[in-house]
Amino acid sequence: MGRLFSSEKLSLREGCEVEVSYNNNVIEGVWFKAIIEAKPPTNPSSVSKELFVRLLKDDSSTPLCEIIHKASIRPIPPKSVQALIDIEIGTIVDADYKQAWWTGFVVKEISDGKCFVFFDSLSDIILFDRKHLRPHLEWVDKQISSWWFTESTRNSEFLKRLAEEPMFSPGTMVELSSKRNGDEVVWVPAMVIKEFKEDDGDDYKYIVKDMPLIGKSYESRPTKTVDLRSLRPIPPSIRVEEYQLEEFIEVYNDGIGWRQGRFMENQVLVMGSLSQKWCVLLMEATKKKMMFKKSDLRPLKVWEDGVWKKRELSSTQGPGDEMGESVMNGNEFDPPVTPPPGITTTPLKQIEAETQRKIFSKKPLPRIQRGSGNDSTRENENSKDINRKRKREDNICSVARVEEDKAKDTTMVLPFEKKLPIWKTLESMEVFKTVPQSPHFSLLAETREESREMLAVGMMLTFSGLLEEVKLLPLSETISSFISVSKSLAELEKHGFNVKAAQLRIYKLLTIKSMQSKKKEELKGAKKATAEKESAKVENERKILELQRLNEEMEKEIAQSKSCEAKIVQQLDVVKLEFQATTSAPW
């Protein structure tokens, strides 16, 4: 049921804020913010100013007399009326978007005071702060009166469909299947924009758009219309401490989406003083090994018949079959995974394979004797004996592998080749003998190849200069200078420089500077206290002198009072005698 609210008549005086909607606007229901302005008349003989409507969206002005014929003008909807209508799921609203008010309706509320709003005119869903939304109102202007009204504050069709609990309603986060390189299926994070039925169909269709994960990115594609089979919900979040060998997983490949693969091994990547756990995966589509951060992995779940199911290994291939065959052959090994330049790796699988190869090369397996009679019996016994020996050798391999895993491969791979002769000079400098450095310069891999070596040389010289600067910093230097040197060292640390000693030195110097500042403040406070006490002493002495002067004046006044008292006593004696004389006089 509609609601009516009285309204004041539209005012078109100078300075009034209004809203303008063009009659021939391609997008309906858009009200642009505007203000009425007055300018001097173009005709010198005219006395009155000419009124213009200035649109805020592009700061353009149009004479009022012209815009009235091609657009609708209305006042700003009163906030007192807006406050009477609650904004919730399904509410028809106007959204403050690109200096205009666009009509849509709320499809989802977020806990932090934000709402997803669907715009049929844009075929899109946009996230807004609640403060940028207002209830949608229509304005009617008649000669006698004007009023605001709303036929319905909520989208009943959307709410009716929502009550049916559809699988994917507008605003729902989903994953969209997409083909890559012809046959690989990847799942791309997306959002459902609209759910609809075609005129000649019974099944729902969905308009979706890509929604990259937080901190990730890829080239966004235009919105796409798909059926239910191309969508699935977001899989439940599962925390995994360690993945099993050849366990099926999905990995978020930045710029592509979620891809399938199998877990092969862990690798620890060391960059400077930091280490991070990465995983080597055998990609399902390409059968190639790639390395990803463990945080980008999740267990593979398959969406079937409306439930999540775990994909299991086939019965014909157990975990580690391919790996075991590679190790037992002794001559065929998987190609090593190449880490980014400047990153030191601990190749667990290579160490394991190499260890087993050495053991099997030193200790050949016993040969099976062929003969007649009980050949099959002897063959079975020999087979059991071989298995027992292999198990014992496997245990030896495991112990050796644990020992080897403790060793770090310290080979440094630089993103450039050292060609400049200045490297010998740099490496012979006293500073690099006193504070040895092994920077990896891995971040230079992102720069132009021909400039990498010169940048690296510049960093070596900068490091040397900064250490010398630290030694020459005077006690009177400002704290900002210390912090500037510390920040420069921190930047070098990103490239693998060992700046711990220098940073500790700066920290100690800053501590001493802080102590100096503290003592200066204490000295300032002590001087202030001394001055205050000396001032108080002078004031007290002045008061003492003033009291002495007052006492002397008081003594004079006391003496005067005593003299006056004596005179009065004499006068009283005279009065007494006069009284007695009067009473005793004869008649």
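Start your tour by selecting Arg-448 and Glu-450: both residues are exposed. Their side chains meet in a salt bridge, with N and O 2.4 Å apart. Keep in mind as you click along that this is a predicted model.

**More charged pairs**

Arg-448 and Glu-450 have company, as a search of the whole structure finds 30 salt bridges. Select Glu-19 and Arg-74 next; the closest N and O atoms of this salt bridge are 3.1 Å apart. Glu-19 belongs to strand β2 (residues 17-22) and Arg-74 to strand β6 (residues 71-75), so the pair ties together parts that are 55 residues apart in sequence. Are these two side chains buried or exposed? Glu-19 has a relative accessibility of 0% and counts as buried, and Arg-74 is buried too, with a relative accessible area of 1%. Now add Asp-94 and Arg-134 to your selection, and you will have a network of salt bridges that links them with Glu-19 and Arg-74.

For another stop, pick Lys-494 and Glu-491, whose side chains form a salt bridge at 3.2 Å, N to O. Lys-494 counts as partly exposed at 45% relative accessibility, and Glu-491 counts as partly exposed at 43%.

**Rings**

Switch to the aromatic residues: the whole structure holds 16 aromatic pairs. Show Tyr-97 and Phe-128, whose ring centres are 6.1 Å apart with planes at 85°, so the pair is edge-to-face. Tyr-97 sits in the loop between β7 (92-96) and β8 (100-110), while Phe-128 is in strand β10 (residues 124-129), so this contact ties together parts 31 residues apart in sequence. Tyr-97 is partly exposed at 23% relative accessibility, whereas Phe-128 is buried at 6%.

Then move to Phe-105 and Phe-158. Their ring centres lie 5.1 Å apart and their planes are at 50°, so this pair is tilted. Phe-105 is in strand β8 and Phe-158 in helix α3 (residues 156-163), so the parts they tie together are 53 residues apart in sequence. Phe-105 is buried at 13% relative accessibility, as is Phe-158 at 9%.

Next, select Phe-416, Trp-423, Phe-432, Phe-441, Phe-463 and Phe-497, which ring pairs link into a cluster. Add Lys-418 to see its charged end over the ring of Trp-423, 4.6 Å from the centre. Over at Tyr-204, Arg-161 lies over the ring face, 3.9 Å from the ring centre.

**A hairpin to finish**

Finally, display strands β4 (residues 50-55) and β5 (residues 60-63), which run antiparallel and are joined by 4 bridges. Leu-55 stands opposite Ser-60 in β5. The two strands form a hairpin with 4 residues between them, and Asp-59 in the turn has a positive phi of about 55°.

Conventions. Residues are numbered from 1 along each chain as its sequence is written. This is a predicted model: local features need pLDDT of at least 70, side-chain atom pairs count only at pLDDT 80 or more; totals for chains, interfaces and linings use all residues. Side-chain values use heavy atoms; hydrogens and water are left out. Two strands pair if DSSP finds at least two bridges between them. Rings of Phe, Tyr and Trp (its six-membered ring) pair if their centres lie within 6.5 Å; planes under 30 degrees apart count as stacked, over 60 as edge-to-face and the rest as tilted. Buried means under 20% relative accessible area, exposed over 50%, partly exposed in between (1.4 Å probe, protein chains only). A charge sits over a ring if NZ of Lys or CZ of Arg is within 6 Å of the ring centre and within 35 degrees of the ring normal. A salt bridge is a side-chain nitrogen of Lys or Arg within 4 Å of a carboxyl oxygen of Asp or Glu.
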